[in-house]
Structures are given as structure tokens and as C-alpha cells.
2 protein chains.
Amino acid sequence: MVKNGTRGERDLVKLLWEKGFAAMRAPASGGATKKPLPDIIAGNGEIYLAIEVKTTARERIYIDSEKIGALLRFSDIFGARPYIGIKFRYRDWIFLSPGDLELTPSSNYRLDLDIALERGRDLDEVTGNHRQTRLR
Amino acid sequence: MVKNGTRGERDLVKLLWEKGFAAMRAPASGGATKKPLPDIIAGNGEIYLAIEVKTTARERIYIDSEKIGALLRFSDIFGARPYIGIKFRYRDWIFLSPGDLELTPSSNYRLDLDIALERGRDLDEVTGNHRQTRLR
């Protein structure tokens, strides 16, 4: 059974190809490596993206600080822009920079839909197509 | 049981990290996508590599033209340098550009060890460390 996360990653990889990016998912279970890996890497020769993918039926997401740390480390070494790509149900993908997230008391990260809509970018923006449609 | 190819890929990913690159293997079975994917993507913010990995106990390798085509297409879109990374037994990794390969009568590709040693680059070269040790 294809897990939600995987289906979301595949969906986003497909969309990235349609925007002229070559995109690749990380191996399942990180490919048995302890190295920090994002869920997706994509590039179009100018823009390189490292994306942590979250899908949810709720209006809030949580992300471990470890995952954000890994995303930042990978992006820094690889030379990619780090994004959290979120699929809230019935909405288009929204992309947040790690700095857009809110810290929880237990030092993890949280983001509510309304803040995501306010701070987030859409697929066209992160892929350099610059046609931001109001996310609200 | 870890197949030879997978062990080779993991070995090369580890070496790339050691050279200051962030490297990631493609998902097993290409992640159920028909898109052209290399075995490994790596980057250090300046150099981006897309690598098709071959390991062999013999002194000759064969590669389907389809794989080379996929490597070239992915590299072109992503913005990466395409390489075939070959691990001949008891030797260091050798990296060939697609143009270094020989075409077979059935329009696939072949490469013998002695030609690989002649035309190939070592890991330092492809990672921009420029210390070419004679491969012979």
C-alpha cells in the first residue's frame, strides 16, 4: 500500500518535471545512510531545490527539528535552496523556507494552514516561473 | 542480500561525502517513475554530478544505450555533469564521460579496462580536487 507521504512525493516529483526540472526522490528509508537527505532533489541548471515533503488532512503540521537540521545541512553542502513542501488536503502545494516555521516548546517545528498561506510560496515561485497566485 | 550494484553505489556515495559533496542515491527501481534517473546525484555548490554506476569483476563493461540516454537527458535538464562511474575489481573508481565509451554493433556501449585507464578520470578530478594520479 502506497503510504500518503510517498504518494505526495511522487506527485510533487511529477509536477517538478512538468515545470522543466529534473527531480528525484530520496531512496526509501534514506538508502540506509546516516547522511542528512531531503525527500526530493530537483534542478533546472539554474535553480537547485532540496525539499522536505509533508502531506496532511489537518490544518497544522509538525516537523522534527532533526529533519529541518538535515535539510539545512544537505542544502548547504549540495548547493540547493531548502524548502518544506506541504500538501494540505484540497489545496495546491505550498512551499515554506525553514525560517518561516514556528518553534514549539519542545524545540520542534509547527505550522498552521493560515500562516502557511500567508508566508508560503507556490510552485511557480519556487521554480522561478514567478507568477504568484494569491494562495488564500 | 545486498546486490553488488547497490554496495558499489553506497560505497561511492560515501566517498563523495568524504570529498565534500552531498550525495544521494536514486530510489530503488527508479522510484516507480519512468523519468530518466541516474544512480547517484551529488553536488558541492559548484560542481553537480549525475553518475551511472557500474561494478564488475571482469575487465570489460557493457551499458545499454537507454541508460546512457537517460543519464544525458537527466544531466541536461538538471544541470549536472554526466559520468559513468566504474569500479573494476581491485582498482579505484574510474569516471568516464559518455563520449569516452565505445559503441557496439547492437548500438549499446562497451568499455575495456585498458581504455578506461587511458581515458578515465579519478575521483579527485571529477570532484574538482585536480590531483590526477596516473590511473595505470
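The following exchange concerns the contact between chain A and chain B in a predicted model.

Local features need pLDDT of at least 70 and side-chain atom pairs count only at pLDDT 80 or more, while totals for chains, interfaces and linings use all residues. Residues are numbered from 1 along each chain as its sequence is written, chains are lettered from A in the order in which they are written, and side-chain values use heavy atoms, without hydrogens and water.

Colleague: How many residues does the contact take from chain B and from chain A?

Modeller: Contact here means heavy atoms within 4.5 Å. On that basis chain B gives 26 residues, and chain A gives 26 residues.

Colleague: What area do chain B and chain A bury between them?

Modeller: The size of an interface is often given as the accessible area lost when the parts come together. Buried area is this loss (1.4 Å probe), summed over both parts. Carbon and sulfur atoms hold 76% of it, and the total is about 2100 Å².

Colleague: Which residues of chain B lose the most area to chain A?

Modeller: Three residues together account for 32% of what the chain B side buries. They are Trp17(B), Met24(B) and Phe78(B).

Colleague: How many residue pairs are in polar contact between chain B and chain A?

Modeller: Salt bridges, defined as a side-chain nitrogen of Lys or Arg within 4 Å of a carboxyl oxygen of Asp or Glu, number zero between the chains. A polar contact is a pair of N or O atoms within 3.5 Å; within protein, one must be able to donate a hydrogen and the other to accept it, and residues adjacent in sequence count only if both atoms are side-chain atoms. With both residues at pLDDT 80 or more, the count is six.

Colleague: Which element gives the most to the side of chain B that touches chain A?

Modeller: Helices (H or I, at least four residues) and strands (E, at least two) are DSSP runs numbered from the N terminus. Helix H1 (4-18), strand S1 (22-25), strand S2 (40-43) and helix H2 (65-78) of chain B each supply at least two residues. With four residues, the element that gives the most is S1(B).

Colleague: What relation links chain B to chain A?

Modeller: Copies are superposed by least squares on the C-alpha atoms of residues with pLDDT of at least 70 in both. A turn of 180 degrees with a shift of 0.0 Å along the axis lays chain B on chain A with an RMSD of 0.0 Å. The relation is therefore that of a two-fold axis.

Colleague: Which residue of chain B has the C-alpha nearest the axis?

Modeller: The C-alpha in question lies 1.8 Å from the axis. It belongs to Pro27(B).

Definitions and conventions: Buried area is the accessible area (1.4 Å probe) that two parts lose on being put together, summed over both.
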